[in-house]
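Dear colleague,

I am passing on the structure below, and my notes on what was found in it follow directly after. Please read them with the model open beside you.

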Protein chains: 2
Amino acid sequence: MPRLTDEERAEMLPALEGWALVEGRDAIHKTFVFGDFNEAFGWMTRVAIAAEKRNHHPEWSNTYRRVEVTLTTHAAKGLTRNDVELAQDMDRFAAGMSQRR
Amino acid sequence: MPRLTDEERAEMLPALEGWALVEGRDAIHKTFVFGDFNEAFGWMTRVAIAAEKRNHHPEWSNTYRRVEVTLTTHAAKGLTRNDVELAQDMDRFAAGMSQRR
């Protein structure tokens, strides 16, 4: 899985809502805030299953209803289509939940 | 739920295996390393259910098979029995899994 080309970056990254490039790393970050811990961890569980199926896993931290996510592809030392697709999974699973932001 | 007394700290904290006080916060920390993501997230799921039942939640981050945990009681501004008991749950759930450390 190669790193995204400049053309792919220009097309794919702006299409990801709420995701921002991480300073000093070729990675993207987003903060998800849910209604409570039950929602946050329920979402994490859906993501975990999708991540395992893709064999591509997030770096993430959780405190109560907040989840901070960083995506990058260690083997490629930067962003690949796997990161874009996992980000899309995460956004799709969060849609319709009572996120505060 | 009051903060632990000095006597309780002296008795309870050394009995927690692998947990260390966090510098600059009245909190405890432990790193759990499992065999793979499936084990790590399976363990997190058991902990999440226990945490929700206790209405006492961890600060934790996960990268693949590693989970970093910090426990403290925000309402008490420090360590309480809830933290000790959640730490004990975490250790009990991890026992018998293929942890590397």
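In this predicted model, helix 2 of chain B and helix 3 of chain B cross in a right-handed sense. Their axes lie 10 Å apart and the packing angle is about 150°, which makes helix 2 of chain B roughly antiparallel to helix 3 of chain B, since angles over 145 degrees are counted in that way. On the side of helix 2 of chain B the contact is made by Trp43(B), Arg46(B), Val47(B), Ala50(B), Ala51(B) and Arg54(B), while helix 3 of chain B brings residues including Glu85(B), Leu86(B), Asp89(B) and Phe93(B). By class, the residues of this contact divide into 8 nonpolar, no polar and 4 charged.

Between the chains, helix 2 of chain A and helix 2 of chain B come within 11 Å of each other, measuring from axis to axis, and cross at roughly 165°, so that these two helices are roughly antiparallel. Their crossing is left-handed. Among the residues that meet there are Phe37(A), Phe41(A) and Met44(A) from chain A and Phe37(B), Phe41(B) and Met44(B) from chain B, and the contact as a whole has 8 nonpolar, 4 polar and 2 charged residues.

As for the interface in full, 15 residues of chain B are in contact with 15 residues of chain A. The area buried between the two chains is about 1,400 Å², with carbon and sulfur atoms giving 68% of that area. In chain B, Phe37(B), Phe41(B) and Trp60(B) lose the most area to chain A, together 37% of what that side buries. The count of salt bridges between chain B and chain A is 0.

With best wishes

Definitions and conventions: Residues are numbered from 1 along each chain as its sequence is written. Chains are lettered from A and ligands numbered from 1 in the order in which they are written. This is a predicted model: local features need pLDDT of at least 70, side-chain atom pairs count only at pLDDT 80 or more; totals for chains, interfaces and linings use all residues. Side-chain values use heavy atoms; hydrogens and water are left out. Axes are lines fitted to C-alpha atoms, for helices over the stretch in contact, and angles run from 0 to 180 degrees between N-to-C directions. Helices (H or I, at least four residues) and strands (E, at least two) are DSSP runs, numbered from the N terminus. Angles under 35 degrees count as roughly parallel, over 145 as roughly antiparallel, 65 to 115 as roughly perpendicular and the rest as oblique. A crossing is left-handed if the near helix is turned anticlockwise from the far one by less than a right angle, and right-handed if clockwise. Contact means heavy atoms within 4.5 Å. Ala, Val, Leu, Ile, Met, Phe, Trp, Tyr, Cys and Pro count as nonpolar, Asp, Glu, Lys and Arg as charged, and the others, Gly among them, as polar. Buried area is the accessible area (1.4 Å probe) that two parts lose on being put together, summed over both. A salt bridge is a side-chain nitrogen of Lys or Arg within 4 Å of a carboxyl oxygen of Asp or Glu.
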